[in-house]
Amino acid sequence: MPEGTVLAFDFGEKRIGVAIGETTLTQAHPLAVIRAQSKEERRRAIGELIREWQPQQLVVGLPTHADGKPHAMTDLCRTFAAWLSSQFSLPVELADERLTSFDAEARLRETGRNAKTMKPLLDAVAAQLILQTWFDTHAPTPHTPS
């Protein structure tokens, strides 16, 4: 895993959640939710985040059915990941995002938020969970001395 900043995206057609983390700390944090109306506005906002944070790696959540089979959003997320890779010349990995939205919602409810107050944060927290899962599966395993 390259050292540096990682940005993760929870892609949606209306909103894109964004999370950030550092490979040395392997801790993900919610960063933003892009709510732009047009595809061009969303792409511009992503470009601004990438220029600002200078990530070494990008991660895109890959939604599937609970059994792992693809659905309509799966192809859209793959297309989004391919666009990121070609547009910014950065490594892009896909990460399983099954149930992250449900988990994000549960975590926000635990903080006392209701449906109305959690909505602005939900996609960024889902991106955080995607990135944290990616960190957890890519972190080097500690070795014990013999």
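Hi everyone, let's begin with a pair of strands: strand 1, residues 5-10, and strand 4 run parallel to each other and are joined over 4 bridges. Do keep in mind that this is a predicted model.

Where do these two strands meet, residue by residue? One of the partners is easy to find: Val-6 in strand 1 has Gln-57 of strand 4 as its bridge partner. Further along, Phe-9 is bridged to Val-60, again in strand 4.

Let's stay with strand 4 for a moment. Strand 4 covers residues 57-62, and 6 of its 6 residues are buried. You can check that face by face. On one side you have Gln-57, Val-59 and Gly-61, on the other Leu-58, Val-60 and Leu-62, and both sides are covered.

Now, which strand does strand 4 join through 5 bridges? That is strand 5, residues 92-96, and the two run parallel. If you'd like a residue to click on, try Val-60, which stands opposite Leu-94 of strand 5. So that's Val-60 with two partners to look at: Phe-9 in the pairing with strand 1, and Leu-94 in strand 5.

How does the chain get from strand 4 to strand 5? Helix 2, residues 72-88, belongs to this part, and together strand 4, helix 2 and strand 5 form a β-α-β unit that is right-handed.

Back to strand 1, please. Is strand 1 enclosed or open? It is largely enclosed by the rest of the structure, because 6 of its 6 residues are buried. Thr-5, Leu-7 and Phe-9 make up one covered face, and Val-6, Ala-8 and Asp-10 the other.

Strand 1 also pairs with strand 2, residues 16-22, and here the direction is antiparallel, with 6 bridges. A hairpin of 5 residues links the two. For a landmark in this pairing, look for Ala-8 opposite Ala-19.

Last stop: a helix residue. Asp-123 sits in helix 4, which spans residues 115-138. Is Asp-123 buried or exposed? With 10% relative accessibility it counts as buried, since the cut-off for buried is under 20%.

And what does the Asp-123 side chain touch? There is a polar contact with the side chain of Arg-15, at 2.5 Å. Setting aside neighbours within four places in sequence, Asp-123 is in contact with Asp-10, Arg-15, Gly-17 and Val-33. You've already met Asp-10 today, on one of the covered faces of strand 1.

That's the tour. Thanks for listening, and please have a go at finding these residues yourselves!

Terms used. Residues numbered from 1 in each chain as written. Predicted model: local features only at pLDDT ≥ 70, side-chain atom pairs only at ≥ 80, totals over all residues. Heavy atoms only, no water. Buried < 20%, exposed > 50% of the residue type's maximum accessible area, 1.4 Å probe, protein only. Pairing = 2+ DSSP bridges. Right-handed = clockwise from strand over helix to strand, strands pointing away. Polar contact = N/O pair within 3.5 Å; in protein donor to acceptor, adjacent residues only side chain to side chain. Contact = heavy atoms within 4.5 Å.
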